[in-house]
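Colleague: Got a minute to walk me through this one? I'd like to start with the fold and then get to how the chains meet.

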2 protein chains.
Amino acid sequence: MSGRRIPDATVERLPVYLRVLHDLATTGQGTVSSEQLAEMAGVNAAKVRKDLSHLGTYGTRGVGYDVDFLSFEIASRLGLASETAVAIVGMGNLGRALANHAGFRDRGFPVSNLYDNDESKVGTEVAGHVIQHLDELGAVAKADIGIGVITTPPEVAQDVADRLVQAGVRAILNFAPIVIAVPAHVTLRKVDLTHELQVLNFYQQREGADAATQPDGSAAWLREI
Amino acid sequence: MSGRRIPDATVERLPVYLRVLHDLATTGQGTVSSEQLAEMAGVNAAKVRKDLSHLGTYGTRGVGYDVDFLSFEIASRLGLASETAVAIVGMGNLGRALANHAGFRDRGFPVSNLYDNDESKVGTEVAGHVIQHLDELGAVAKADIGIGVITTPPEVAQDVADRLVQAGVRAILNFAPIVIAVPAHVTLRKVDLTHELQVLNFYQQREGADAATQPDGSAAWLREI
């Protein structure tokens, strides 16, 4: 692994480029210019070139980037060369939806464990996995869970996060609508489902009031990943 | 509405500030410095001041920003002063999870309509709403749906998007793992559930390889909204 530090903002965009490259590969396109990649990712071309230079990748003048090689490089840097097992805690509708999400397995994040504290759910099967009791989380081997996903009601989310940390999980994705705290060595991200609606609402109301100031699809492209 | 153009990047951060301000208000804090707001939002203070200046808001030297007033201003700019009704198409686990998500209603996005094309689901109730057949989408009044949310399987997502556009919906949030196209007057955003896992994975692997280069929680804070 290179000692070069990749800026956080670049890390955020790498999955977007990866998705665009995947779409290009699906259509059989072998090379891509920074301009095309930029347009499809919703950023400007200078930013694409700068981001990719952090990977030590510069493309070929007049040709661009090799789609397959660039995909491989980005995936490697994101640690996607090997699979990362995901445990989901909270088997309500959202937990079930994520457990059934084919995109996770297809993109290197197989679901390995499902947990709930509801006795009526424990022992039943979702997406081919038997739901385990939350108390069994302590017995899991550290290496078995790369990322813990919390899809519980907010009032138990902190307790679940504590249990995940206790079990040795070092990366947590929190869908519960509450702020939770984790030790510094654990990486935490939160998904706020309302965030997207708020941003959409901004553009929708502006569109209604003044169509001329609507950006030409760039906001849409930004997340069209 | 001011004619001043708010940069897209600022629009993306406004919901983050709003959530932080909400958390501060909950704890009873009346004013907030740009530094504290910045730290809690995971950006730097200069960016906060710049972002808020786009709203024509500059705070008071030595005091900071009034929490309630700033919340009101941001909410107004995001168009959150009035409610925006949300229709969800696709009543699988994800659609049900979103229909039951209390955060939508609490934050100004009441769910108004639920649709599916599965006859066994049509007529049943989720979160107090009767699921309607997709064919009834054409009969809905334009004003009744501010945002359309697509939670269908990928193979029907484009057809659903076309029907939403046909019904007059001008803002679409797509959870289906596929690229869909909409006319230029419609704002489209896509939620990629794997994106968060990929970014988490990057920090998790780097943490494992070289703990010293781990940013001190800033990546976590960025999405701790």
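**Fold and interface**

Modeller: Sure. Chain A has nine helices and nine strands, and keep in mind that this is a predicted model.

Colleague: How much of chain A is buried?

Modeller: Buried residues are 47% of the 225 residues in chain A. Also, of the contacts in chain A with a separation of 6 or more, 57% are between residues 24 or more positions apart.

Colleague: OK, the sheet. What's the strand order?

Modeller: It's an open sheet of seven strands in chain A, ordered β5-β6-β4-β3-β7-β8-β9, with mixed pairing.

Colleague: And which strands sit at the edges?

Modeller: In chain A those are β5 (125-126) and β9 (187-190), each of which pairs on one side only.

Colleague: Anything packing on the sheet? What does helix α7 of chain A touch?

Modeller: Helix α7 of chain A, residues 154-166, packs on the sheet and touches β3, β7 (147-150) and β8 (171-174) of chain A. The direction of α7 makes about 170 degrees with that of β7(A).

Colleague: Back to β3 for a second. In which sense do β3 and β4 of chain A pair?

Modeller: Parallel, over four bridges, with β3 covering residues 86-89 and β4 covering residues 111-116 of chain A. If you want a spot to look at, A:A87 has A:N113 in β4(A) as its bridge partner.

Colleague: What about the other end, how many bridges join β8(A) to β9(A)?

Modeller: Four, and β8(A) and β9(A) run parallel. There, A:L173 stands opposite A:R189 of β9(A).

Colleague: Which way do the β9(A) residues point?

Modeller: A:T187 and A:R189 go one way, A:L188 and A:K190 the other. In a regular strand, side chains alternate between the two faces of the sheet. And are those four β9(A) residues buried or exposed, you'll ask next: A:T187, A:L188, A:R189 and A:K190 are all buried.

Colleague: Changing topic: helices α2 and α3 of chain A. At what angle do they cross?

Modeller: Roughly 105 degrees, with the axes of α2 (residues 34-41) and α3 (residues 45-53) of chain A coming within 8 Å. Angles of 65 to 115 degrees count as roughly perpendicular, so α2(A) is roughly perpendicular to α3(A).

Colleague: Which residues make that contact?

Modeller: From α2(A) you have A:S34, A:E35, A:L37, A:A38 and A:A41, and from α3(A) A:A45, A:K47, A:V48 and A:R49. By class, the α2(A)–α3(A) contact has five nonpolar residues, one polar and three charged.

Colleague: Which residues of α2(A) are buried?

Modeller: A:S34, A:L37, A:A38, A:M40 and A:A41 are. Right after α2(A) comes A:G42, with a positive phi near 80 degrees.

Colleague: Now the two chains. How are they related?

Modeller: A turn of 180 degrees and a shift of 0.0 Å along the axis lay chain B on chain A with an RMSD of 0.0 Å. That is the relation of a two-fold axis. In chain B, B:N93 comes closest to the rotation axis, its C-alpha at 2.4 Å.

Colleague: How many residues are in contact across the interface?

Modeller: 65 residues of chain B are in contact with 65 residues of chain A. On the chain B side, α8(B) gives the most, with 15 residues, and the classes there are 30 nonpolar, 19 polar and 16 charged.

Colleague: Why do you say the copies meet through the same surface?

Modeller: Because 100% of the interface residues of chain B are also interface residues in chain A.

Notes:
Residues are numbered from 1 along each chain as its sequence is written. Chains are lettered from A and ligands numbered from 1 in the order in which they are written. This is a predicted model: local features need pLDDT of at least 70, side-chain atom pairs count only at pLDDT 80 or more; totals for chains, interfaces and linings use all residues. Two strands pair if DSSP finds at least two bridges between them. Helices (H or I, at least four residues) and strands (E, at least two) are DSSP runs, numbered from the N terminus. Two residues are in contact if their C-beta atoms, placed from the backbone, lie within 7 Å. Axes are lines fitted to C-alpha atoms, for helices over the stretch in contact, and angles run from 0 to 180 degrees between N-to-C directions. Copies are superposed by least squares on the C-alpha atoms of residues with pLDDT of at least 70 in both. A residue is buried if 20 or more other C-beta atoms lie within 10 Å of its own, exposed if 12 or fewer, and partly exposed in between; C-beta atoms are placed from the backbone. Angles under 35 degrees count as roughly parallel, over 145 as roughly antiparallel, 65 to 115 as roughly perpendicular and the rest as oblique. Ala, Val, Leu, Ile, Met, Phe, Trp, Tyr, Cys and Pro count as nonpolar, Asp, Glu, Lys and Arg as charged, and the others, Gly among them, as polar.
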